[in-house]
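This report sets out side-chain and backbone features of a single model, grouped by the parts of the chain that they share. Please read it alongside the sequence and the coordinates.

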Amino acid sequence: MDILEKCVCVAAHARIRELEKQAETEQARIKDLEKQVENEQARIKELEKQVAGVLTELQVECDKLSPAGSAVILKEVQAKLISEADAAASMEPANQEPFKVWQHPTKGEQQVDSVARWKNSEFASNLEALRARECAPDEVLACHYTSNASAHLIFSQKSHGLRASTVGQLDGGVSVCKAMPHMMGWEPYGRGGFRYEVGEALWGEKRRDVLLGQKDADKINLLIIVKVRKAFFDDPKRQVPGRDKIVILPRREPELLAKDGFHWLPKDQIVKVYRLMGDNVALDTAMANKMNSLSILFSMDVADLAKATRLCCGDGDNGGQFDGKLTSEGVADMLFVLEHGGLSNLNEVYALYKTNFRGRTITFDIPVSALRDDQLKKVDFEPGSGPAWLAELAVGLIPYGKSLTEVILRSCAITSMPQSIRECKMLEVLILLNCKSLESLPESIGDCKALRELSLQSCYRLTSLPMRLKECKALNQLTLYNMWGLRSMPDLSRIKKLKVDLGTCGPLHLEAYVKKGCKAGIYDPDDYDSNM
């Protein structure tokens, strides 16, 4: 055997050993992944076992009820348990280390920056600065969403970067997104409608899978920023039909690097890795649960619900979905979504509804951030042509206002005020105008010791005032305009500085109440006539 043949044999054997070593590494990685899958399957089975146990207990209790009542209760609880199990099963494995650093081929170790707190404008300005610093004149930035687990694989030593798929859209390749987060409705912590926007643009019909609590929710927790040639970026042949924000870089050079039998978008084209979400799993899980409960309350798909609450929605194409009356639990859930979901001001929600209904007037301007800091001083609300749930939402805000001093509700379709108004220790003014459905005021208003003005006007269904109103010793102004339905009146005779205003033509039976020194009693309109 001559020297050339020996060299060829040595090289061939070396290559074989190298491939065998790679195969062993891949087999070890596959075994590790299989072990993770087994652990996850075991965890899901345990969750299913817990759900089955609870359902069995509930079935025993439900059997004591009527058949109809049993079916309804069991169905509601089952839906709740299943949604919670799905949310738990969708979380990343507990033993998976958060992805924090990665190695750039020339720049060395790079930190993964958490940008969850960034505002939309901050995202835009930082990415523009990054483009100016990293891109050549013929290059542009693109992005790739991924999960914590996938990031560990992408930046492992054996990986050369983003590996191209061999099947799928346009016969495979590396999929990148042309639109950065700030172009798709980004809000801090990725809340509001951001997940829906990304899901709709990149996942299409499977957009629901990336919403909080769904099976692929973690797939948009990390954002990999890459630079690509603008010519490749704008190639119409690489655009996915119906998905104008996606570009598929084909499995060929020079678009991708061919190595080890695959095609890669190499690591030296990766310029930054950001953590968008996942820093607060507990809050994200709570958000998922709240959204699920609201979707049941409104009989809406979670994806549509997310779309309806998104901040950047100039077309308002889904704003009218919230028609219908909210329960007290629904009010609390909606407040949670608004406060933690990235909407900085409730006015944006009403603007969404207003746009949908061609500019009808809706007035409501309360910063939700004030609720967290006990800075809410005043609620002044008139729903205009808005849906009934807006009034319920306004009333639902009241117990959150520890520093609330003034509440004015105009033409609100509410039947009562909440008992929790007792929490408003600093409330001084309560004005209810033309609330024609209002039937009662809570006795707990007696705990509002700072109340100095109560004004009720044209609340026709209100038949009585709370007996504990007499405990509001600071009350000096009671206005009762067009309150023809009032009959049962409290004893306010001991409130020395009280002035009662019935208007220029007050109901005669209320005039009698005032003439008698505001003594408690039943004042029937039929007992009084114009000759009194």
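## Aromatic cluster and ring pairs

One aromatic cluster is formed by Trp118, Phe123, Trp186, Phe194 and Tyr274. The model is a predicted one, and the structure holds nine aromatic pairs. Among them is the pair of tryptophan 118 and tyrosine 274, which is edge-to-face, with 5.5 Å from centre to centre and 65 degrees between the planes. Because tryptophan 118 lies in the loop between β3 (113-114) and α3, while tyrosine 274 belongs to strand β12 (residues 270-275), this pair ties together parts that are 156 residues apart in sequence. Tryptophan 118 and tyrosine 274 are both buried.

## Helix α5

Phe194, a member of the aromatic cluster, is also one of the buried residues of α5. Helix α5 spans residues 194-203, and nine of its ten residues are buried, so the helix is largely enclosed by the rest of the structure. The buried residues are Phe194, Arg195, Tyr196, Glu197, Val198, Gly199, Ala201, Leu202 and Trp203, a list that includes the charged residue types arginine and glutamate. After α5 comes glycine 204, whose phi is positive, near 60 degrees.

## Salt bridges

How many salt bridges are there by the rule applied here? The count comes to 16. One of these joins the side chains of arginine 229 and aspartate 138, with an N to O distance of 3.2 Å. That pair links distant parts of the chain, since arginine 229 is in strand β7 (residues 222-229) and aspartate 138 is in the loop between α3 (120-134) and β4 (139-146), with the two positions 91 residues apart. Arginine 229 is partly exposed, at a relative accessible area of 39%, and aspartate 138 is likewise partly exposed, at 36%.

In two further salt bridges, a buried acidic residue meets an exposed basic one. Glutamate 134 and arginine 133 meet through their side chains at 3.9 Å, N to O; glutamate 134 counts as buried at 17% relative accessibility, whereas arginine 133 counts as exposed at 56%. The side chains of aspartate 209 and lysine 215 form a salt bridge at 3.7 Å, N to O, in which aspartate 209 is buried, with a relative accessible area of 17%, and lysine 215 is exposed, with 57%. Elsewhere, Arg422, Asp447, Lys449, Arg468 and Glu471 are joined into one network by salt bridges that share partners.

## Charges over aromatic rings

Arginine 229, already described as a partner of aspartate 138 in a salt bridge, also has its charged end over the ring of phenylalanine 232, at 5.5 Å from the centre of that ring. A second arrangement of this kind involves lysine 178, which lies over the face of phenylalanine 233, at 5.6 Å from the ring centre.

## A three-stranded open sheet

Which strands stand at the edges of the open sheet? The sheet has three strands in the order β5-β11-β10, with antiparallel pairing. The edges are taken by β5 (161-163) and β10 (257-259), each of which has a single partner strand, so one side of each is left without a neighbour in the sheet. From one strand to the next, the twist averages 40 degrees.

The pairing of β5 with strand β11 (residues 262-266) is antiparallel and extends over three bridges. Within this part of the sheet, leucine 162 stands opposite leucine 265 in β11.

## Two positions in the later part of the chain

Is valine 379 buried or exposed? Valine 379, which is found in strand β13 (residues 378-381), counts as buried, at 0% relative accessibility. Valine 379 and valine 395 are 16 residues apart in sequence, and their C-alpha atoms are 8.9 Å apart in space.

Serine 464 has its place in the loop between β16 (453-457) and β17 (477-481), where it counts as partly exposed, at 26% relative accessibility. When residues up to four places away in sequence are not counted, serine 464 touches Leu486 and Ser488. The C-alpha atoms of serine 464 and leucine 441 are separated by 8.1 Å, and the two residues are 23 residues apart along the chain.

Technical notes:
Residues numbered from 1 in each chain as written. Predicted model: local features only at pLDDT ≥ 70, side-chain atom pairs only at ≥ 80, totals over all residues. Heavy atoms only, no water. Salt bridge = Lys/Arg side-chain N within 4 Å of Asp/Glu carboxyl O. Buried < 20%, exposed > 50% of the residue type's maximum accessible area, 1.4 Å probe, protein only. Helix = DSSP H or I, 4+ residues; strand = E, 2+ residues; numbered from the N terminus. Pairing = 2+ DSSP bridges. Axes fitted to C-alpha atoms, helices over the stretch in contact; angles between N-to-C directions. Contact = heavy atoms within 4.5 Å. Phe/Tyr/Trp six-rings, centres within 6.5 Å; stacked < 30°, edge-to-face > 60°. Lys NZ or Arg CZ within 6 Å of the ring centre and 35° of its normal.
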